[in-house]
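Colleague: I would like to learn how the words used for this model are justified. Shall we take them in turn?

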Amino acid sequence: MLNSPRNTTTSTRGSDGAVGVPDRRVPVAVSAPDPISREGAVSQLRRHPEIDLRDESGPGTVALLIEDALDDAALTRLRRIVRSEGARAVLVVGAIRESELLDVVECGVGAIVWRHEATAHRLVQAVLAASRGDGDLPADLLGRLISQVGTLHRGAAGRPGAPSLGLAPREVDVLRLVAEGLDTGEIAGKLSYSERTVKNVMHGLTTRLHLRNRAHAVAYALREGYI
């Protein structure tokens, strides 16, 4: 049984048996789509004394999520872990489509590891970076992210009256579900937001873009190619 979430420190002892200054360990919870992947990651991390393995993620923990590829369910899990549970997230993934990269970053994930590069050293490096609130992206993903942000800047610059960065990923997520006919409560459940957050997102984008209502906002997003 792995430990339940709590603040944990370890102590070091010198040759005379004296207790040294405690070293803080990083609590980590591993989630994977199959038991073999999970046990593989756990066995990699267990060998490192700076890692404190837990059963569940929560405030102050680092959640290590292993996915072959991203889908709506995986993105929802990421949002829940970061926004509702208060954990920091490391995503270990086999592939990310261009359209998913900004979604992942917007979810609050700052550390990503390719599955084929997920050695023990690489996993610990990403976990420690996430625990400090630092970013840790593979070089090729970082280049793709910079390119996407640049495209957003250029696209927004060509639209008179549009905001400097167009629609934010969060706004696109909400509008996509509005277009599918979901109400505020259903959207909140799908995205692991509060209903107040959904209302604030809609109010913010309709006010900023001078849109009359939800239908007008959906029409705008469709016309501009966001959904």
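Modeller: Start with pLDDT, the predictor's confidence in each residue, from 0 to 100. Contact means heavy atoms within 4.5 Å. This is a predicted model: local features need pLDDT of at least 70, side-chain atom pairs count only at pLDDT 80 or more, and totals for chains, interfaces and linings use all residues. Residues are numbered from 1 along each chain as its sequence is written, and side-chain values use heavy atoms, with hydrogens and water left out.

Colleague: Where does pLDDT stay under 50?

Modeller: Over residues 1-22, for which the model has 34 contacts beyond four places in sequence. Residues 160-165 are also below 50. The mean for the chain is 79.

Colleague: What makes the span of helix 4 agree with its 13 residues?

Modeller: Helices are DSSP runs of H or I, at least four residues, and strands are runs of E, at least two, numbered from the N terminus. The expected span is 1.5 Å times one less than the number of residues. For residues 120-132 that gives 18 Å; the end C-alpha atoms are 19 Å apart, so the two agree.

Colleague: Why are helix 6 and helix 8 called roughly perpendicular?

Modeller: Axes are lines fitted to C-alpha atoms over the stretch in contact, with angles from 0 to 180 degrees between N-to-C directions. Under 35 degrees is roughly parallel, over 145 roughly antiparallel, 65 to 115 roughly perpendicular, and the rest oblique. These axes cross at roughly 100° and come within 10 Å. Therefore the two helices are roughly perpendicular. Among the residues making the contact are V174 of helix 6 and V201 of helix 8.
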